[in-house]
Amino acid sequence: MSSTRGSLAGRSRAAKTAGRPAWGRLLLIGIPYLWLLILFLIPFLIVFKISLSQTEFARPPYLPAFAITDGLAGIWEKIKQFSFSNYVWLAGDPLYYRAYLSSIWVALVSTAMTLALGYPIAYGMARAPRQWRPMLLMLVILPFWTSFLIRVYAWIGILKKAGLLNQLLMSMGVIDQPLIIHNTNTAVYIGIVYSYLPFMVLPLYSALEKMDESLLEAAEDLGCPPFKAFWKVTFPLSLPGVVAGCFLVFIPAVGEFVIPDLLGGSETLMIGKTLWAEFFSNRDWPVASAVAVVLLLLLVVPIVLFRNHQEKMAEKGG
Amino acid sequence: MAKIPLGPIRSGFAPWDDPAAKPFIEFRNVTKKFGEFTAVDDLSIRIYEREFFALLGPSGCGKTTIMRMLAGFEQPTSGELLLDGAELSGIPAYRRPVNMMFQSYALFPHLTVEKNIAFGLKQDGMPKAEIAERVGEMLAMVKLEPFARRKPHQLSGGQKQRVALARSLAKRPKVLLLDEPLGALDRKLREETQFELMDLQQELGMTFLIVTHDQEEAMTVADRIAVMDHGQMIQVAPPAEIYEQPISRYVADFIGDINVIESTVTGNDGGLVRLKAKAAKADLTVRQDIEVAADSTAWFAIRPEKVNISSAAPEDVSVNAVPGEVWDIGYLGDVSIYHVRLDTGETIRATRTNRERIVEDPISWEDKVWLSWRPDHGLVLTQ
């Protein structure tokens, strides 16, 4: 959305300063588009093309495969072989839509948990003495300095039957039987919440940090007790941060593969795992591609609708 | 001290002179410390119902702390704070019948003008119909009806200020606290708004407490002004008294412009104080009932507008008259200000109103002039 607006503004400015060469400006605007084209649109088209192909015992393992030597007529012949049969297959097998639904559910629950945990952290950071804040921010970012994979692996050591958590709880006498957490959905939730917490905390912090504290005093002055003032003033004003944080957690969590694979068990059904199995176990690239395209549509369409709605609301307000 | 008749601004309104009058807000030996720093130092003051009281002082003098203690955002370190006879400590800010207009306005950015004004009323659980009515009333009062559904970021500075005012008045508080309410407005708008504030206070019959560092603002709106320094109130009096009879050099200098000359008292007989300027050695007389001993150090002070400037020596021998030379002239439109260097070395500022386009006695740079003033126009300050 914003990129469209940017180009419009660019055009009107270009019109105002007519006569000067506009290609410098075009270059500037063009770079992000080029970026999107190379790193998003072209890969997507390749995946989409594979999803319309048929699996084949070949290299690459699908047909038709384009070659430069085909010529236009040859390519047209091959395009005619495309079919949506993989999508029909997806719709026909309950495994897939159960995996989608289950992924979305896991992502929703873990996003809610990340928000519940991240909000107090961000709030505490934003209210901390000014000289502490850079250090606190640093601590939030610190885990990124270690590989994501290693951090998820480390959780196995904590959560497994003879792991650190069980040892600790048993030595303290809290439990006498080890808790079974590893290889369950609980472990997946713990893993997702742990891994994505910084993505929730950072946008929340930036929204809360710029809030004027005199607003809370004003609320109190007008008869609003502090707890109520939080819900009437602080929370509504932090909503942009909440929305940004939720998107940043929800979107990657839906397609998450490493966490359910390492921490989840047989009950854990997530689309990331399905995708992996299609690609690497079944070597069925076309079906795997179809799974990926559907996942993308499932995520992009609601986001675009939501942003449109938000912009309309903003325009109404403005 | 013989009172020069300097009445209160509003004729007949001077409850502070009436020993039987009950104070509405009372500070009893209130001290507020922030760590080592003493913001308010053993302060006692009585403010009366329907009074427009101004706290005036430089930044860091404790004026904002006084206001915040009254609002409930700060607790006094020691001492008592009473409102309408009842002790205020222990009552949280959200239960005090006091509302504040914030310097930053602190309008809720996510709420419309209407909802900002209704915010406090909703907290009180007022029925919806009444809220709507009161909000309408408030919008009419600040003339913002067409902007009811706008958000704060769509308003100009002056409009925001009015919304903040309407919001703080909507609950009809017993006391309205105004923290530098007009600081962000340009001069013209500020002057207009000062008069509007006064009218509003008269109309609503509330007690207003204003914090400001702008002396003109304090003089315009207030019944009484407290000039503050380092957590203490140096002088509390109606504007005219503060201006005409400041009790110290600090007050005299803070309010308006004044010439101060360090002098030695040479005699004091029956209200006619004779002084000799220490540097300039000029002989000065002041008619003032004040206890000063001969040979003690005192400061002679006179406001520039009370100094007469002329090219010839005055004929009246009872006035003070000193010769000098014009050093600088500042033309301000309504008045001109002359910096005159006395023959004995001191500089005195004198102003002259530019009432006539053509002045009979034009005075220019480096002219030899006489400065003169009546003995009852000068002041003797002992501190």
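Here is a short back-and-forth on how the labels in this predicted model are earned.

User: Why is A:Y205 called buried?

Analyst: The cut-off is 20 or more other C-beta atoms within 10 Å. A:Y205 has 26, so it counts as buried. This tyrosine sits in helix α9 (residues 185-209) of chain A.

User: What makes contact with A:Y205, leaving aside its neighbours within four places in sequence?

Analyst: That would be A:A122, A:M125 and A:A126. A contact needs C-beta atoms within 7 Å, and those residues pass it. On another count, the C-alpha atoms of A:Y205 and A:G245 are separated by 9.9 Å, with their positions 40 residues apart along the chain.

User: And A:Q81, why does that one count as exposed?

Analyst: Exposed means 12 or fewer C-beta neighbours. A:Q81 has 11 inside 10 Å, so exposed is the right label. Its place is the loop between α3 (71-79) and α4 (85-92) of chain A. From A:Q81 to A:S53 the C-alpha distance is 7.6 Å, although they are 28 residues apart in sequence.

User: How do you know that helix α1 of chain B is mostly covered?

Analyst: Go residue by residue: nine of the nine in α1 (residues 63-71) are buried. B:K63 and B:R68 are among them, as are B:I66 and B:L70. Just after this helix, B:G72 takes a positive phi of about 100 degrees.

User: Which residues have the most contacts inside the largest nonpolar core?

Analyst: They are B:A54, B:L70, B:L177, B:L209 and B:V227, in a core of 107 residues.

User: Why is this core said to lie between domain 1 and domain 2 of chain B?

Analyst: Because both domain 1 (15-97 + 173-252) and domain 2 (259-381) give residues to it. Apart from this core lies another, of 47 residues, including A:Y119 and A:M270. As for the two domains, their C-alpha centres lie 34 Å apart.

User: What does B:A54 touch, not counting residues up to four places away in sequence?

Analyst: B:I210, B:T212, B:A218, B:V221, B:A222, B:I225 and B:A226. Again the test is C-beta atoms within 7 Å.

User: What makes β16 and β17 of chain B a pair of strands?

Analyst: Pairing takes at least two bridges. Seven bridges join β16 (residues 320-331) to β17 (residues 335-342), so they pair, and they run antiparallel. One partnership is B:V326 with B:V340 in β17. The hairpin has three residues between the strands, and B:G333 there takes a positive phi near 95 degrees.

User: How do you know that β17 also pairs with β18?

Analyst: By the bridge count again: seven bridges join β17 to β18 (residues 347-353) of chain B, and the strands run antiparallel. B:R341 stands opposite B:T347 in β18. Four residues lie between the strands in this hairpin, where B:G345 takes a positive phi near 115 degrees.

User: How many residues does each chain give to the contact between A and B?

Analyst: Chain B gives 18 and chain A gives 15. On the side of chain B, the elements giving two or more residues are β6 (98-101) and α2 (113-123). Helix α2 gives the most, with three residues.

User: How do the residues on that side of chain B divide into nonpolar, polar and charged?

Analyst: Ten are nonpolar, five polar and three charged.

Methods:
Residues are numbered from 1 along each chain as its sequence is written. Chains are lettered from A and ligands numbered from 1 in the order in which they are written. This is a predicted model: local features need pLDDT of at least 70, side-chain atom pairs count only at pLDDT 80 or more; totals for chains, interfaces and linings use all residues. A nonpolar core is a set of buried Ala, Val, Leu, Ile, Met, Phe, Trp, Tyr and Cys residues joined through C-beta atoms within 7 Å. Domain bounds come from an automatic or database domain assignment. Two residues are in contact if their C-beta atoms, placed from the backbone, lie within 7 Å. Ala, Val, Leu, Ile, Met, Phe, Trp, Tyr, Cys and Pro count as nonpolar, Asp, Glu, Lys and Arg as charged, and the others, Gly among them, as polar.
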